[in-house]
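Subject: Structure handover

Hello,

Here is the structure I promised to pass on. Please open it first, then read my notes below.

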Amino acid sequence: HGLWMMAQVARANTELAGGDPRALRRLSVQFRGMGFPERELTVSGTVKSAEGSRVVIDTVAEQDGNQVIRNAEAELELD
């Protein structure tokens, strides 16, 4: 289930770049709990840094009030 959760984090961050998966340059996550594919997963993020067209976003994924992914970092190349 970890790969499913990581894919959802990647997808949420890619949506910030207009849905283009090529914009996601790097993604790292820390799995902090058990997640279940049949339950809603909420992904949120905060811009950590922005330099030119590169943006780094701190991301968290929660399920049923528990952070199942923390300290995730996505680097995007925006047009």
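Let me start with one residue in the strands. Setting aside neighbours up to four places off in sequence, Asn-71 is in contact with Ser-28, Gln-30 and Thr-59. One of these partners is far along the chain: Asn-71 and Ser-28 are 43 residues apart in sequence. In space, their C-alpha atoms are 8.2 Å apart. Asn-71 lies in strand 4. Its phi is near 55°, a positive value in a residue that is not glycine. Is Asn-71 buried or exposed? It counts as exposed, because its relative accessibility is 53% and the cut-off for exposed is over 50%.

Keep in mind that this is a predicted model.

Now the overall layout. The protein chain has 1 helix and 4 strands. In sequence order the pattern is α-β-β-β-β. So the helix leads and the strands follow. The C-alpha atoms fill a box of roughly 35 × 20 × 15 Å along the principal axes. How does the radius of gyration fit what a compact globule would have? A compact globule of 79 residues would have a value near 12 Å, and the protein chain has 12 Å, so the two agree.

Some totals for the chain come next. Buried residues make up 32% of the 79 residues. The protein chain exposes about 5,000 Å². Carbon and sulfur atoms supply 47% of that area. Take the contacts between residues at least 6 apart in sequence: 54% of them join residues at least 24 apart.

Next, the core. The largest nonpolar core has 11 residues. They are Met-5, Val-9, Ala-10, Leu-27, Val-29, Leu-41, Ala-61, Val-68, Ile-69, Ala-72 and Ala-74. Which elements give two or more residues to this core? Helix 1 (2-16), strand 1 (24-31) and strand 4 (66-77) do. Strand 4 gives the largest share, with 4 residues. In soluble globular proteins, nonpolar side chains tend to be buried together.

Met-5 is a good core residue to click on. Leaving out neighbours within four places in sequence, Met-5 is in contact with Phe-31, Gly-33, Gly-35, Leu-41, Val-68 and Ile-69. Among them, Leu-41, Val-68 and Ile-69 also belong to the core.

On to the rings. How many aromatic pairs does a search of the whole structure find? The search finds 0. There is a charge over a ring, though. Arg-39 lies over the face of Phe-36, at 4.5 Å from the ring centre.

Pro-37 sits in the loop between strand 1 and strand 2 (42-51). Pro-37 counts as partly exposed, because its relative accessibility is 35%. Beyond its neighbours within four places in sequence, Pro-37 is in contact with His-1 and Trp-4. Compare its position with that of Gly-52. The two are 15 residues apart in sequence and 36 Å apart in space, C-alpha to C-alpha.

Thr-42 is in strand 2. Its relative accessible area is 42%, so Thr-42 is partly exposed. Not counting residues up to four places away in sequence, Thr-42 touches Val-60, Ala-61 and Glu-62. Of these partners, Ala-61 is one of the core residues. The C-alpha atoms of Thr-42 and Gly-65 are separated by 9.3 Å, with their positions 23 residues apart along the chain.

Arg-54 is found in strand 3. Arg-54 is partly exposed, because its relative accessible area is 35%. Which residues does Arg-54 touch, not counting those up to four places away in sequence? They are Arg-25, Ser-49, Glu-75, Leu-76 and Glu-77. For Glu-75 there is also a distance. Its C-alpha atom and that of Arg-54 are separated by 6.8 Å, and the two residues are 21 apart along the chain.

One more backbone angle to look at. Asp-64 has a positive phi of about 55°, although Asp-64 is not a glycine. Where is Asp-64 placed? It is in the loop between strand 3 (54-63) and strand 4. Asp-64 counts as exposed, because its relative accessibility is 54%.

That is the handover. If you want a short route through the model, begin with Met-5 and its contacts. Then go to Arg-39 over the face of Phe-36. Finish with the positive phi values of Asp-64 and Asn-71.

Best wishes

Key. Residues numbered from 1 in each chain as written. Predicted model: local features only at pLDDT ≥ 70, side-chain atom pairs only at ≥ 80, totals over all residues. Heavy atoms only, no water. Phe/Tyr/Trp six-rings, centres within 6.5 Å; stacked < 30°, edge-to-face > 60°. Lys NZ or Arg CZ within 6 Å of the ring centre and 35° of its normal. Core = buried A, V, L, I, M, F, W, Y, C linked by side-chain atoms within 4.5 Å. Buried < 20%, exposed > 50% of the residue type's maximum accessible area, 1.4 Å probe, protein only. Contact = heavy atoms within 4.5 Å. Rg over C-alpha atoms; globule rule 2.2 N^0.38 Å. Areas by Shrake-Rupley, 256 points an atom, 1.4 Å probe, with all protein chains shown as cover.
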